[in-house]
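Thanks for sharing this one; here are a few friendly notes to read alongside the coordinates.

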Amino acid sequence: MDSTFRRTPDIHLQDLIKGLLQGNRGFLSRAITLVESKRADDRRLSAELIDKILTESQKTLRIGITGVPGVGKSTFIEAFGKMLTALGKKVAVLSVDPSSNRTKGSILGDKTRMDELSKDANAYIRPSASGSNLGGVASSTRETILLCEAAGFDVIIIETVGVGQSETVVKDMVDYFLLLMLAGGGDELQGIKRGIMEMADHILINKADEDNVKAARRAKEDYKNAVHLFPANEADWVVPVSLCSALEKTGIDQVWKEIERYEQHSRSNGWFIENRKRQVLKWFHERIHARLEDSFYAKKDIKEKIKEREELISSQKISVRKAVEELFS
Ligand SMILES: Nc1nc2c(ncn2[C@@H]2O[C@H](COP(=O)(O)OP(=O)(O)OP(=O)(O)O)[C@@H](O)[C@H]2O)c(=O)[nH]1
Ligand SMILES: [Mg+2]
């Protein structure tokens, strides 16, 4: 990945930080490009940068949005984001996309879906860092959150892209996790894993419009019943189930009301801060593991040595324990 930062080598870190703290988008974009870079010298600069801007992010809100492809996440974010900027909020929209083969076309597609928001002076939309390593993508997204907060954005929205493990990593970086659902035909609880439902702070049934209203209302009752059966969450929060139409922009303000209620609730019982503390410590340990893995695989001739031992292990000439010991000696 080529970095804009490197293309203008005359800019100093101090100037970058200054511009960033003033809320300059150009500088924000450069800073994000820098933290996404995998080059060793960029890594050092990034560490310095992140360290310097690590200040007041306690007042911000981080909201994760998930749901199956086509449920209406991007359409919802457009409507929700516009509502927030109208309230005077500054909104940043990021995404976590573990697939490296995401085409430029789909990023473009999302931008057009968030057409109004992308033109809004108080909104900033940034697609996911590329890379097939989910841990790496997640880590740079976390740093991007910090950069956006330093630049003055007070609501950070993170959309999961694709289905799979990205729900868990997004859950681990947000204060509020919103699950978008559709009213299905038969069993309402099919189509999304129960585990993901249990992670949600809010279940939002989208596309409650036109012919779909009746089914959506029925689904709402079903999900409400299901939520009661889930184990109590650590926030001591009763998960709301509500309806919306991202297209017709109905039920959107209700979501914000619930989020504000959640914030008040979780700040007063201490969970808000506790959760952020746990998240950052978990991230710390994940990065240690990732760095250990990187340095192990960077060892001289390590691939060949592993290959040799694979054969010895397969033919029972050496034990797994011995082979591993040898690789670390
Ligand atoms: N009727 C109706 N259609 C909607 C609504 N929200 C979204 N759609 C439509 O559903 C389709 C998918 O919407 P997106 O916002 O792209 O969905 P997404 O979840 O972001 O999809 P991926 O990014 O591909 O995972 C689009 O054609 C939208 O116009 C809604 O509230 N009602
Ligand atoms: Mg989308």
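**Notes on the predicted model**

1. Let's begin at the metal site. In this predicted model, the magnesium ion (ligand 2) has as its protein donors Ser74 (OG) and Glu159 (OE), lying 2.1 to 2.4 Å from it. Donors are N, O and S atoms within 2.8 Å of the metal (3.2 Å for Na, K and Ca), and water is not among the atoms, so sites may look incomplete. The two donors link distant parts of the chain, 85 residues apart: serine 74 belongs to helix α5 (residues 73-86) and glutamate 159 to strand β4 (residues 155-160). Helices (H or I, at least four residues) and strands (E, at least two) are DSSP runs, numbered from the N terminus. Serine 74 and glutamate 159 are both buried, where buried means under 20% relative accessible area, exposed over 50%, and partly exposed in between (1.4 Å probe, protein chains only).

2. Next, the strand that carries glutamate 159. Strand β4 is largely enclosed by the rest of the structure, because 6 of its 6 residues are buried. In a regular strand the side chains alternate between the two faces of the sheet. Here both faces are covered, with Val155, Ile157 and Glu159 buried on one side and Ile156, Ile158 and Thr160 buried on the other.

3. Which strands pair with β4? β1 does so in the parallel sense over 5 bridges, and strand β2 (residues 91-96) in the parallel sense over 6 bridges; pairing requires that DSSP finds at least two bridges between two strands. Arginine 62 has isoleucine 156 of β4 as its bridge partner, while serine 95 is bridged to the metal donor glutamate 159.

4. Is valine 71 buried or exposed? Valine 71 counts as buried because its relative accessibility is 0%. This residue sits in the loop between β1 (61-66) and α5. Beyond its neighbours within four places in sequence, valine 71 is in contact (heavy atoms within 4.5 Å) with Leu180, Met181, Leu182, Asn206 and Lys207. Valine 71 and lysine 207 are 136 residues apart along the chain, with their C-alpha atoms separated by 8.0 Å.

5. Finally, a look at leucine 292, in helix α13 (residues 271-297). Leucine 292 is exposed because its relative accessible area is 53%.

6. On conventions: residues are numbered from 1 along each chain as its sequence is written, and chains are lettered from A and ligands numbered from 1 in the order in which they are written. Local features need pLDDT of at least 70, side-chain atom pairs count only at pLDDT 80 or more, totals for chains, interfaces and linings use all residues, and side-chain values use heavy atoms, with hydrogens and water left out.
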